[in-house]
Amino acid sequence: MKVYSDSNEDGIPSRPEHGRKPRILAAVTAHSSTGFFRGQLAYLRANGFDVTLLSAPGHVATNVAMANGVEHIGIEMKRHPAPMADIVALLRIIAAIRTYRPDIISAGTPKAGLLLMLAGWICRIPCRVYMLRGLRLETATGMRRRALALLERLCCTLAHYVVCVSPSLRQRMLDYGLAPANKLTVIGKGSSNGVDLARFSRNADIARRASRIRSVLEIPASATVVGFVGRLTHDKGIHVLAAAWRELRERYPDLYLVLVGGVEERDGAAQRTAGTLKRDPRARVIGRVEDIVPYYALMDILVLPTLREGFPNVVLEAAAMGLPVVTTTATGSRDSVLPGLTGGLVEPGDPTALSHAISRYVDDPAMRERHGRAGREMVETHFRQEHVWDGMVKYYWQILNKGGVEAATKKGDVSYDTHGCM
């Protein structure tokens, strides 16, 4: 498969004039964020769409594109404000759109959302979808918060549709007045890509790998393990977890803490917290790993003390692995747990409440097992990837038939090949 970049002299495939499949341009900012699309783009292709992926260049995007059988357009985009670089990126995106001529632009993550919605508006793309995976402004203050709110409002204005990845995220958008209700949609129960249940499942091989990792980490086989998976940042509540851990480690001498994920470079406080935990003889700060599954398998409880989310994938992955989850009532995370059935919810920023919620599971192995089974059932029912992807396919066809087909038909330049798609 050929992978295109914005500087490739071969350009981007041109658009057939008649009888073609409708085209989706799916975009995120960083190449590492293309993991949101694993398997999803291939499913869209199998259900009648011609799909191209756009992001900053990088090996993750290249691998995701190849695995899904789609082309990749690599355009460098800065995550943080960079006026000159943003203008260059916008011009390159406009050029790509005019060549590729998509019928649907589906863009998420803040910078890609803004640039793609603006470029799509300039190019008059008939269906512009802003995929909202979280609100950074929730934990911002002052001028930065006002600027982020302005950018979100602009993205929503330029988009025809805004897909929120959780019900509480949609409600938060309404609370902040960032978009009208008729623009905001949640597909199914939410989630950006669902869970691969074949991958996130316990079996003998995973158990052996988890046992080896536990041995390497020098965690006794009889010890109870509290786990955290994600970026070690203030927004993920790493400081709250550290404070709760100080209470827990004194009460339970056979309790261990395992944290899997990288430390945010720009978050000095999180770096200091991670440094303190690294010096704790019963805490293990692992960093990023290629395969998270055996790490879930060595945990007994998953904790996510987040301050904000869109919809936390790690909670669904842990639930699929049969783990009870303690998380917070913050936006997005509150939708990922059935309190008292699959896990527990506490107010964000409260280490005492967090330690008490964890203690309930440490003290009651039977409840851990019961809630873990219920979590797996919840994911199987509502969040398996095929279920989430099917909702996306139906949604894209719905908005295409509502807006894109009408617009294209009026121009008289295309007819859609939908044979076998629905």
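On a 1 Å grid over the protein atoms alone, a pocket is an open set of points with protein on both sides within 12 Å along at least five of seven lines, a cavity is a set of points where a 1.4 Å probe fits but cannot get out, and lining residues have an atom within 4 Å of a point. Grid points are joined across faces, edges and corners, and a volume is the space filled by probe spheres set on the points. The structure examined here is a predicted model, in which local features need pLDDT of at least 70 and side-chain atom pairs count only at pLDDT 80 or more, while totals for chains, interfaces and linings use all residues. Residues are numbered from 1 along each chain as its sequence is written, and side-chain values use heavy atoms, with hydrogens and water left out.

The second largest pocket holds about 430 Å³ of space. Its lining is made up of 20 residues, and P81, K111, L114, L148 and L151 are the closest to the pocket centre. Helices (H or I, at least four residues) and strands (E, at least two) are taken as DSSP runs and numbered from the N terminus. Two or more lining residues come from each of helix 3 (83-100), helix 4 (110-122) and helix 5 (142-158), with helix 5 giving the largest share, 6 residues. By residue type, the lining of this pocket divides into 13 nonpolar, 1 polar and 6 charged; here Ala, Val, Leu, Ile, Met, Phe, Trp, Tyr, Cys and Pro count as nonpolar, Asp, Glu, Lys and Arg as charged, and the others, Gly among them, as polar.

Turning to enclosed space, the structure holds 1 cavity of 30 Å³ or more. The volume of the largest cavity is about 40 Å³. Around this cavity lie M131, V163, C164, V165, I187, G190, S191 and M392, a lining with 6 nonpolar residues, 2 polar ones and no charged ones.

Aromatic contacts come next. A pair of aromatic rings is described by the distance of the centres and the angle of the planes. Rings of Phe, Tyr and Trp (its six-membered ring) pair if their centres lie within 6.5 Å, and planes under 30 degrees apart count as stacked, over 60 as edge-to-face and the rest as tilted. Searching the whole structure gives 7 aromatic pairs. In one of these, Y43 and W389 have ring centres 5.4 Å apart and planes at 45 degrees, so the pair is tilted. This pair links distant parts of the chain, with Y43 in helix 1 (residues 40-46) and W389 in helix 14 (residues 385-411), 346 residues apart. Accessibility is classed as buried (under 20% relative accessible area), exposed (over 50%) or partly exposed (in between), using a 1.4 Å probe and protein chains only. Y43 is partly exposed at 21% relative accessibility, whereas W389 is buried at 8%.

Helix 14 also takes part in an aromatic pair through Y395, whose partner Y161 lies in strand 7 (residues 161-164), 234 residues away. The rings of Y161 and Y395 meet edge-to-face, 6.4 Å centre to centre and with 80 degrees between the planes. Both Y161 and Y395 are buried. These two tyrosines belong to a cluster in which ring pairs link F49, Y161, Y395, Y396 and W397.

Rings also meet charges in this model. A charge sits over a ring if NZ of Lys or CZ of Arg is within 6 Å of the ring centre and within 35 degrees of the ring normal. The charged end of R124 sits over the ring of W121, 4.9 Å from the ring centre, and that of R133 sits over the ring of F36 at 4.4 Å.

Finally, the model holds 17 salt bridges, each being a side-chain nitrogen of Lys or Arg within 4 Å of a carboxyl oxygen of Asp or Glu. D291 forms a salt bridge with R199 (3.5 Å, N to O). D291 lies in the loop between strand 11 (283-287) and helix 10 (293-298) and R199 in the loop between strand 8 (184-185) and helix 7 (204-216), so this bridge ties together parts 92 residues apart in sequence. D291 also bridges to R209, where the closest N and O atoms are 2.7 Å apart. R209 is partly exposed, at 25% relative accessible area.
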